[in-house]
Amino acid sequence: MNFYYEIKLNFNDSDLFKFYEWSKNDKLDLIKKIPLIKVKTSLFKEICLNNFKISEEIFNYISGRTICKDNIKIDNACIFCDTKNCIAIEFNKNRESISRSSLLLEDENNICEIAYSLKYKDIEIEKLNEIECTHEFRQETKIKNTIIKEILELYKNKDVNKLKYLYYEWFNENEINLDIIVKNMLKDIKKEFKSIHYEIYNIIKMSYKYSV
């Protein structure tokens, strides 16, 4: 069995954050030792794009072999590598993927280099559901979610003046129909990130500051 030693991982059950998007508030897992499995690129893509279930054989192969620091408990995890890219996956007792982590650049480069001398592991996975991939940066997603939450809250409270103000700042148009205001803003926020989204986010933040 192959292992990689002394690595930091950032397991997350919803999004896969690239190492350059890791936050100081993230709870990083300090790993002493974790199984390393070399797979073909076609399988690696399936692993990255789907939540999946591994066979009992592979589960037993990796189970209990990850050793962590600081009393962190990760029983069933491994790193998959196709010699070009790597991803760490954690599994539950039902052999289903439950969280994933990217790697720091240095670790990824080291593992890819190591993987050239390893044998491919012939494994099969059962795809459970496709992962919704986002091409936005983590901060952009946070900004969009904050704006959506604010819009819905203002709409719920029938705060017409604030919604009309945000709409004007957003589209440089006056609109009095509350439903149209909300509909257009929610429609636009779901498109690719724009500079105006950041401006609206700052307006919302300032409104909180002065309302305290």
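**Close-up 1. Aspartate 29 and its salt-bridge partner, lysine 27.** Aspartate 29 has just 8% relative accessibility, so it counts as buried. Keep in mind that this is a predicted model. Lysine 27 makes a salt bridge with aspartate 29, and their closest N and O atoms sit 3.7 Å apart. Lysine 27 itself reaches 60% relative accessibility, so it counts as exposed.

**Close-up 2. Strand E5, wrapped up by the rest of the structure.** Look at residues 77-81: 5 of the 5 residues in E5 are buried, so this strand is largely enclosed by everything else. On one side you'll find Ala77, Ile79 and Cys81, on the other Cys78 and Phe80, and all of them are buried. That back-and-forth fits a general pattern: in a regular strand, side chains alternate between the two faces of the sheet.

**Close-up 3. The strands that pair with E5.** Strand E2 (residues 29-38) pairs with E5 in the parallel sense over 3 bridges, and isoleucine 37 has phenylalanine 80 as its bridge partner in E5. Strand E6 (residues 86-91) runs antiparallel to E5, with 5 bridges joining the two. Here isoleucine 79 is matched with alanine 88 in E6. The hairpin of E5 and E6 has 4 residues between the strands, and threonine 83 takes a positive phi near 80°.

**Close-up 4. A salt bridge between glutamate 46 and lysine 127.** The closest N and O atoms of this pair are 3.1 Å apart. Glutamate 46 belongs to helix H1 and lysine 127 to strand E8, so the salt bridge ties together parts 81 residues apart in sequence.

**Close-up 5. Lysine 194 meets aspartate 188.** In this salt bridge the closest N and O atoms are 2.5 Å apart. Aspartate 188 is buried, at 7% relative accessible area, while lysine 194 is partly exposed at 29% relative accessibility.

Terms used
Residues numbered from 1 in each chain as written. Predicted model: local features only at pLDDT ≥ 70, side-chain atom pairs only at ≥ 80, totals over all residues. Heavy atoms only, no water. Buried < 20%, exposed > 50% of the residue type's maximum accessible area, 1.4 Å probe, protein only. Pairing = 2+ DSSP bridges. Salt bridge = Lys/Arg side-chain N within 4 Å of Asp/Glu carboxyl O.
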